[in-house]
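Open the model in your viewer and switch to a cartoon view. Keep the selection panel at hand for the stops below.

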Amino acid sequence: MIILGIDTCTGPVSVGLIADGKVSGLRRGFTPLRQLTLLVPFIDEVLREAKVHISEVNLIAVTTGPGSFTGIR
């Protein structure tokens, strides 16, 4: 199972990838009110690092709040 985790609830942005129970990629950054500038590149980076295509991801886990960045949800 391959899980892509995304957290944008607060200022920091976190993207992680777990494949077969092991962390295969992780990115964290902080850009208040500009999370989208990091989100898409972080997703691309963790997928590339793990050599996983987005179509291979079985589950996407996201935080749902509280926070100001609601566009992804």
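In which sense do strand 1 and strand 4 pair, parallel or antiparallel? Select both. They pair in the parallel sense, over 4 bridges. Now pick glycine 5: alanine 61 in strand 4 stands opposite. Bear in mind that this is a predicted model.

**The whole sheet**

Add the other strands. An open sheet of 4 strands appears, in the order 3-2-1-4, with mixed pairing. Go to the edges next. Strand 3 (22–30) and strand 4 (59–62) each have a single partner strand, so one side of each has no neighbour in the sheet. Look along the sheet for its twist, which averages 10 degrees from one strand to the next.

**Strand 1 to strand 2**

Select strand 1 (2–7) and strand 2 (12–19). These strands form a hairpin, with 4 residues between them. Their pairing is antiparallel and runs over 6 bridges. For a single rung, show isoleucine 3 with isoleucine 18, its bridge partner in strand 2.

**Strand 2 to strand 3**

Move one strand over. Strand 2 and strand 3 pair in the antiparallel sense over 8 bridges. Two rungs are worth labelling. Serine 14 has arginine 28 of strand 3 as its bridge partner. Glycine 16 stands opposite leucine 26, also in strand 3. Then centre on the turn. This hairpin has 2 residues between its strands, and aspartate 20 takes a positive phi near 55 degrees.

**The helix on the sheet**

Bring in helix 1, residues 36–50. Helix 1 lies across strand 1, strand 2 and strand 3. Its direction is at about 155 degrees to strand 3.

Which residues of strand 1 are on the covered face, and which on the uncovered one? Show the side chains. Ile2, Leu4 and Ile6 make up the covered face. Ile3, Gly5 and Asp7 make up the uncovered one.

**The core**

Last stop: the largest nonpolar core, with 15 residues. Select Leu4, Val15, Leu17 and Ile43, the members with the most contacts inside this core. Strand 1, strand 2 and helix 1 each supply at least two of the core residues. Helix 1 gives the most, with 6 residues.

Finish on isoleucine 43. Hide its neighbours within four places in sequence, and its remaining contacts are Leu4, Ile6 and Val15. Leu4 and Ile6 bring you back to the covered face of strand 1.

Note on methods:
Residues numbered from 1 in each chain as written. Predicted model: local features only at pLDDT ≥ 70, side-chain atom pairs only at ≥ 80, totals over all residues. Heavy atoms only, no water. Pairing = 2+ DSSP bridges. Axes fitted to C-alpha atoms, helices over the stretch in contact; angles between N-to-C directions. Contact = heavy atoms within 4.5 Å. Core = buried A, V, L, I, M, F, W, Y, C linked by side-chain atoms within 4.5 Å. Buried < 20%, exposed > 50% of the residue type's maximum accessible area, 1.4 Å probe, protein only.
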